[in-house]
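Biologist: I am new to this structure and should be grateful for a close look at a single part of it. Please choose one place and describe it together with its surroundings.

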Amino acid sequence: MQLIDTHAHIYSSKFDADRDQVMEEIRAAGVSKIFMPNVDVDSIDRMLDCEARYRDLCVPMMGLHPCEVGDDFEAQLQVMENWLNTRPFAAVGEIGTDLYWDKTNLDRQLKALEIQVGWAKAKELPIVLHCRESMELTIEFIEKAHNSKLRGIFHCFTGTLVQAKRIVEMGFLLGIGGVVTYKNGGLDQVIPYIGLEHLVLETDAPYLSPVPHRGKRNSPANLPFVAERVGALLQIPAALVAEATSAQALQLFTRIEK
Ligand SMILES: [Zn+2]
């Protein structure tokens, strides 16, 4: 089974003590690529260091996470735009909105999102979207910003079937992770009614470990548990889920894979 993790913060300090060993476990689990979403200006060096050390596995994105949109966001975006003009990245990410941690700076979050979606359009790069407790407003934003070329992933999708349909209608993919294995995750009401062709897999490591490792540090090596559960919901073998979602992930991030 060959798998692709479309979203893992493998450069996180949570892996500093044993990263080499974790990478071996990841390879042994059949994961052949890890797409790394950036968070803020301070995570860039660590992310690029991971790429340099595990070049066959780790591919970086560039973007400012909505939880890191502070007073200095314009300065941070300037640094990131310079990086995007300097070398290739697989996507603009992770970007989006978050009303779980801070509801007071939504205007600023939307401004940062608008700027970064503009980069993606200009450079014809996919976007990787984070929307926590803000699914509806993020879908509305992308529906307005959408053009025929804008593509991407709604990472850690946990919305309703109606929301899922609006997303796939725009040609966007649903990023499915550990939540699919949670009893109250709600994705059993979505995935059976959305085709496999609209899904990609992710871990969001070190967060959101799938069952049976829920609550522990997550790793891309846990991706087979996600593939198994998606297969069970679609009543198809996990190997088929792995094959289709890997092809879709590579197709989206082609700029690197060509
Ligand atoms: Zn993330």
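Modeller: The account below begins at one residue and then turns to the strands and helices. The model is a predicted one.

The residue chosen is His-65, which sits in the loop between β3 (58-60) and α3 (73-86). His-65 has 20 other C-beta atoms within 10 Å, and 20 or more is the cut-off, so the residue is buried. Neighbours within four places in sequence set aside, the contacts of His-65 are Val-39, Asp-40, Glu-94 and His-130. Pro-88, by comparison, stands 23 residues away from His-65 in sequence, and the two C-alpha atoms are 19 Å apart in space.

On one side of the loop is strand β3, part of an open sheet of three strands in the order β1-β2-β3, with parallel pairing. Strand β3 is one of the edge strands, the other being β1 (3-5), and each of them pairs on one side only. From one strand to the next, this sheet has an average twist of 20 degrees. Strand β2 (residues 31-36) is joined to β3 by three bridges, and the two run parallel. Within this pairing, Ile-34 has Cys-58 of β3 as its bridge partner.

On the other side of the loop is helix α3, which packs with α4 at an angle of about 15 degrees, the axes lying 11 Å apart. The cut-off is under 35 degrees, and α3 and α4 are therefore roughly parallel to each other. Their crossing is right-handed. From α3 the contact draws on Phe-73, Leu-77, Glu-81 and Leu-84, and from α4 on Arg-108, Ala-112, Ile-115, Trp-119 and Lys-123. Six of the residues in this contact are nonpolar, three are charged and none is polar.

Helix α4 (residues 106-123) leads on to a further sheet: the helix lies across β4 and β5 (127-132) and runs at about 155 degrees to β4. That sheet is open and holds five strands in the order β4-β5-β6-β7-β8, paired in parallel. Its edge strands are β4 (92-98) and β8 (199-201), each pairing on one side only. The average twist here is 30 degrees from one strand to the next. Within the sheet, β6 (residues 152-154) and β7 (residues 173-176) pair in the parallel sense over two bridges. Phe-154 stands opposite Leu-174 in β7.

To return to the starting point, two of the contacts of His-65 are Glu-94 and His-130. Strand β4 covers residues 92-98, and strand β5 covers 127-132.

Conventions:
Residues numbered from 1 in each chain as written. Predicted model: local features only at pLDDT ≥ 70, side-chain atom pairs only at ≥ 80, totals over all residues. Helix = DSSP H or I, 4+ residues; strand = E, 2+ residues; numbered from the N terminus. Buried ≥ 20, exposed ≤ 12 C-beta atoms within 10 Å, placed from the backbone. Contact = placed C-beta atoms within 7 Å. Pairing = 2+ DSSP bridges. Axes fitted to C-alpha atoms, helices over the stretch in contact; angles between N-to-C directions. Parallel < 35°, antiparallel > 145°, perpendicular 65-115°, else oblique. Left-handed = near helix turned anticlockwise from the far one by under 90°. Nonpolar A, V, L, I, M, F, W, Y, C, P; charged D, E, K, R; others polar.
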